[in-house]
Amino acid sequence: MIHVRFFASVRERVGMAEMQLPCPLGGFSVEEVLTMVEGQAGTELRDVHLLASLNQQHVPFTTPVHDEDEVAFFPPVTGG
Amino acid sequence: MVVKVQEEDFDVSAECAGMAESKGAGALVTFVGTVRDYSDASDILSLDIEHYPGMTEKELERVSREAAQQYDILDSLIIHRYGSLQPEDNIVLVAVWSRHRAAAFDACRFLIDVLKSSAPFWKKEMTPQGSRWVTDCPGCRAGSREGHSHAPHAAPHLLHSR
C-alpha cells in the first residue's frame, strides 16, 4: 500500500487527511499517485502551486514511489 | 543545534539560557516572528498554523545543518509553534550563537528565510469575513502562472514546472 497524506487547502479540497492506495507491480511515480488521488477524490488538484513530498522529503513529481512509501500533497508553505 | 515544534508559547531568555554549545560565543542574534493583527485585506482575529508532524522537524534540522556548514557559528536554536494563535503571539524563534557578530546575523537571516520557504507549515487567518489560507508567492504576485519557483532560497528539488 501507498500511504497518501494531504495538508492545508489540499486536504480541504480532497475532503480527507489521508488515503491508502494499492501499489501496482513495478511501482509508479508521484505524478501517477496524484492521478489516482484525483480519481478517488473526484476533484482536480494539479496546478502550478501543488507541491509533493516522499517519505517526508520534498520531491519532484517524477520521483518513483514504492510499496509502503508515504506521499504527501500540499500547497506552498507559509510558516515563519 | 536544537529544533522544537510545539503548541505552547516560549520564553526567549529561558530558551537561550540552556544552550550548551553556546559557550565561548561573542554574539547571540535572535529573530522572533509574531502574529500580525492585520493582513492585506482584513483584520485578523486569530491565526491557525497547521504542520506536517515529522517532516517539519526533519526540514528544520536539515536547514540547521546547512547553516552550520555555511557559516562560522557555534550553535543554533529554532522553535516554531503550531495550533491556534492570537495577534501578537509568538510564532517562531531563531537564535544563533557565534564568536563574531557577522556570522550570527547572516546565519539567522539564512535560517528564517529558508525555513519560510521549505518547512511544512501553513497559516490560516480567521477574519471578520471568514477564514482564508495565507498564500505568499512572489511568482504569483508578479503574474507568472507557469514555471516559477515557490522556494527562492531552497534547494533545486523544490523547483517545479507543471
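Buried means a relative accessible area under 20%, exposed means over 50%, and partly exposed lies in between, with a 1.4 Å probe and protein chains only. The model is predicted, so that local features need pLDDT of at least 70 and side-chain atom pairs count only at pLDDT 80 or more, while totals for chains, interfaces and linings use all residues. Residues are numbered from 1 along each chain as its sequence is written, chains are lettered from A and ligands numbered from 1 in the order in which they are written, and side-chain values use heavy atoms, with hydrogens and water left out.

**Exercise 1.** Describe the fold of chain A by its elements and its overall dimensions.

Solution. Begin with the elements, where helices (H or I, at least four residues) and strands (E, at least two) are DSSP runs numbered from the N terminus. Chain A has two helices and seven strands, and their order from the N terminus is β-α-β-β-α-β-β-β-β. The radius of gyration, taken over C-alpha atoms, is compared with the globule rule of 2.2 Å times the number of residues to the power 0.38. For chain A the radius is 12 Å, close to the 12 Å that the rule gives for 80 residues, so the chain is as compact as a globular protein of that length. Along the principal axes, the C-alpha trace of chain A spans about 40 × 25 × 20 Å.

**Exercise 2.** Characterise the burial, contacts and charges of chain A.

Solution. Of the 80 residues of chain A, 52% count as buried. Next, with a contact meaning heavy atoms within 4.5 Å, residues 24 or more positions apart supply 51% of those contacts in chain A that have a separation of 6 or more. Finally, Lys and Arg count as positive and Asp and Glu as negative, His and the chain ends being left uncounted, and each charge is placed at NZ of Lys, CZ of Arg, CG of Asp or CD of Glu. On this basis, the mean positions of the 4 positive and 11 negative charges of chain A are 8 Å apart.

**Exercise 3.** Locate Ala8(A) and Asn55(A), and state whether each is buried or partly exposed.

Solution. Ala8(A), although not a glycine, has a positive phi of about 55°; Ala8(A) lies in helix H1 (residues 8-14) of chain A and is buried, with a relative accessible area of 0%. Asn55(A), also a residue other than glycine, has a positive phi near 50°. Asn55(A) sits in the loop between strand S4 (51-54) and strand S5 (57-59) of chain A, where its relative accessibility of 35% makes it partly exposed.

**Exercise 4.** Work out the surroundings of Arg81(B) and Ser76(B) in chain B.

Solution. Arg81(B) belongs to strand S4 (residues 73-81) of chain B and counts as buried at 8% relative accessibility. Its side chain reaches the backbone oxygen of Asn90(B) at 3.0 Å. Beyond residues up to four places away in sequence, Arg81(B) touches several residues, including Glu7(B), Asp9(B), Asp89(B) and Phe121(B). Ser76(B) is also placed in strand S4 of chain B and is buried at 2% relative accessibility. With the same sequence neighbours left out, the residues that Ser76(B) touches include Met1(B), Met19(B), Trp97(B) and Leu111(B). Ser76(B) and Val114(B), 38 residues apart in sequence, are 14 Å apart in space, C-alpha to C-alpha.

Notes. A polar contact is a pair of N or O atoms within 3.5 Å; within protein, one must be able to donate a hydrogen and the other to accept it, and residues adjacent in sequence count only if both atoms are side-chain atoms.
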